Amino acid sequence: MQRRQSSETLKKPPQAHHKNQTDLSAWRKGRRTDPEKSVQSHQSPNDQENDSEQDSLEEALSYFGQVQDRVSLRKNNVLQKHLTTVESVALQRGLPPEGFDVLLKVALSGKLADTVNTRLLKSLVPASVIPETSVVSAVSWLCVSKCSDNIQLLFLRWLITMFDFIDHKEELHALYGFFFSFLQDEKMCPYVCHLLYLLTRKESVKPFRIRRLLDLQVKMGMQPHLQALLSLYKLFCPELVTITLPGKMKTYFKNSEGPWKAAINTVRRRNQANSPVFQTLFLGTAQPQSRKRKWNTQLMIPASSTNRNDLEEDREKNCVKLYSRDESFPVEQLQTFSQLLQNIHRLEFPSQMGSVLTNPLLLHYMNCIKDESVYLRLYYWMGQTLQEECTWCVADNSQYEEEFKDFLETVYKTECFLQEGFFSCEEFLYKSLPLWDGVCCRSQVLRLVSWIPLGTFSEMKSHLYDPLAQLFFTSSLYFKCSVIESLKELLQNWLNWHVIHLDSESDSQVHPLNTTLSGLVNTVAELIHFVGRISTVALRLENNHLFLLYFILDFYETVCDMYLRYNLPLLIMPPAGVFYPALLSMDSVNLNQLCYIMYRYRTNLVAAKENDLSKKKMLQFRFSSQTYQEYNQYLIAMVGCLWTSSAFQKDTHPQGLRMDDELLKKTAVKEVKTSFNIVNHPAMMGYAVRFLQQAWPDDTTFNFSLIKGRRWDWYLEYLYSQGLEGLKVFIESSISRVSQASHSKAENVQV
């Protein structure tokens, strides 16, 4: 009786329809509901075609709604005609909400052949939303076993794909136990687990369901879909699920949307391009829709979880109920930070977990409440989306690079907000970097690299370092600089993670990868060594380009302070292929930066030495004598160059500047030994010239030999006044005469 009523309502005028549904007249492409605009003397051919399609669809739905006995498709021209009409309209413009009740009923009632039922289910593409009542009514047909197993399976796949289009979810949640009973069917089990994964709430987790899943796991083995549901159960009720499950996210479910994905995209593009009405109807958002249903239905909080019109009308009536302690608080009503604080323990997250990405209040919730079920849902959705929409992994997606770029940018901003990388992004990068050309979405990909969670070196070497190095050596100068900058941010994020969780006793609960201090030290050390290797080669390839050198030194400015600033017992000196090009650089900025880096290395090494002698902390992590030896070699080279003019004689590093006197004479350079002091150094010569111009304005010979004795000290003060703070702290900490003079000067100021 209910089915007949729904089919009859298709012919009623628009005002008789339910407010949540889109009537067939408004569904027409280009049709206006404004009375002033609806009165027209004549119609365009396009409007006439739309009216014809609507009439044909109404006739087809009326036919399917009146099917009583089993009908064969063979030699049945009427059935073939109406089936073709439904397919044509659905795949081009989508079906109105009223059509789903009729078509789901006939497809699952067993009155038509499986061939027809399959075609009908594959045609169920919505133009706007799918009424929950239609879905619940369709589920009831599974109880009577009228349709075949293949049709039931296809219906479940359709339900998973269209889950975000359903206007309400409460009655579906009430059917949780019914869906759970289908787990015993091995063929349907993966899709039932997927559907249950979307429907699961904390109150859904029961001991008998956990026992049932464990029994199925014993019977079927460690299936990923069972692991997914058990993982979600364990996050909600860890005291009930005691078995050990894989901690790292993986792809749990197969893609279910194959038959409908292209049709959804076609419907959205056609409707959006031709009628602005659909921009507000399509999942209840007035934002321009993305090509992919997943993105904008997820990135915006859609009206599909709780209807917006109902919320506005019933807000006052339900106020007491919604704010009672026993009721959950829907995110659709979360508007202010004070609401978040008042209802933080009663929030009901949307089924479309991607809507969290652009909602600052929900991101605050994720930061405050470490609800691993939220992360698990978000990781699953994000992993599926990244895998399917990657523009360089999927051939058909290349024309949508801008949309994918915007999506990656949104993911990156979310990671920055949470100060934590997503394991689903890590998995995506590991799979896609070997196929990446280094051009598509370059900025976004490298930003995501900077948030890769801490992992083991063996995994990172094969999946990150090796493919990144191949691109690095064969790409432009600016790409090399971008990679170095990304790896510097990656190092900083790891170090910040270490500082935040240094004293935490529950790191393993917050981070799936339980990394020990020694594991962190080893992983960080390998990253630094990797950057050192590629930097050395890059400087040779780019002829020691100053721009590249700046980014490399910026990386080592973080490395030199790891012990004191980040409390990590690790210091690694830059390789000679980086140190000496910086020491002999033609640019004062790079030389000044190198001086500051060496000063911070000295400060950290002295602190580590004092700590070892006093036996205070971290005695199990002592810097090797090689680190001190390498620092001393670099220090001798720098002091010999910039101050004592003895680098060619005293530099002891195997790759250093030491040369025999006979070789130096062959260079035919006058005063070769002083060529790299702070006066004659190519990077400092400009300062020396300006100093001479100010000190002796009438002298045009620029005699650098005049800068000595007391004038040398004046020249130092002049350099300090030019903002060369790195040079200042290095000289004052490494040159005993200057250090003593600066200390005595400071004491005089205090007195």
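1. Disulfides first: the count here comes to zero. Bear in mind that this is a predicted model. Several cysteines still deserve a look, and some of them turn up in the points below. C595, for one, is buried, with a relative accessible area of 0%.

2. C641 is another cysteine to have on screen. C641 counts as buried because its relative accessibility is 3%, and the cut-off for that label is under 20%. Its place in the fold is worth following up: C641 belongs to the part of helix 34 that touches helix 32, so let's go there next.

3. Helix 32 covers residues 576-583 and helix 34 covers residues 625-644. Their axes lie 11 Å apart, and the packing angle is about 15°. The two helices are therefore roughly parallel, given that angles under 35 degrees get that label. As for handedness, helix 32 passes helix 34 in a right-handed crossing.

4. Who makes that contact? From helix 32 the residues are A576, F579, Y580 and L583. Helix 34 answers with Y634, A637, M638 and C641. Sorted by class, the contact of helix 32 with helix 34 has eight nonpolar residues, no polar ones and no charged ones. If you colour by residue class, keep in mind that Tyr and Cys are counted as nonpolar here.

5. Helix 34 has a second partner to check, helix 39 (residues 725-734). This time the angle is about 110° and the axes are 12 Å apart. That makes helix 34 roughly perpendicular to helix 39, since the label applies from 65 to 115 degrees.

6. On the helix 34 side of this second contact you'll find L635, M638, V639, L642 and W643. They meet L727, F730, I731 and S734 of helix 39. By class, the contact of helix 34 with helix 39 has eight nonpolar residues, one polar and no charged ones. M638 is worth selecting by name: it is listed in the contact with helix 32 and again in the contact with helix 39.

7. Now for backbone torsions. C441 has a phi near 55°, a positive value in a residue other than glycine. You'll find C441 in the loop between helix 24 (423-432) and helix 25 (442-449). C441 is buried, with a relative accessible area of 1%.

8. N544 also has a positive phi, about 55°, although it is not a glycine. N544 is in the loop between helix 29 (517-541) and helix 30 (546-559). Buried or partly exposed? N544 is partly exposed, at a relative accessible area of 38%.

9. Next, a glutamine. Q152 is in helix 9, residues 149-161. Its relative accessibility is 6%, so Q152 counts as buried. What is it in contact with, leaving aside neighbours within four places in sequence? The list for Q152 is L142, C147, F182 and M188.

10. Last, a loop residue. S705 is in the loop between helix 37 (685-695) and helix 38 (710-721). S705 is partly exposed, with a relative accessible area of 45%. If you want a distance to check, take S705 to V679: these residues are 26 apart in sequence, and their C-alpha atoms are 8.9 Å apart in space.

Conventions. Residues numbered from 1 in each chain as written. Predicted model: local features only at pLDDT ≥ 70, side-chain atom pairs only at ≥ 80, totals over all residues. Heavy atoms only, no water. Helix = DSSP H or I, 4+ residues; strand = E, 2+ residues; numbered from the N terminus. Buried < 20%, exposed > 50% of the residue type's maximum accessible area, 1.4 Å probe, protein only. Axes fitted to C-alpha atoms, helices over the stretch in contact; angles between N-to-C directions. Parallel < 35°, antiparallel > 145°, perpendicular 65-115°, else oblique. Left-handed = near helix turned anticlockwise from the far one by under 90°. Contact = heavy atoms within 4.5 Å. Disulfide = S-S within 2.5 Å.
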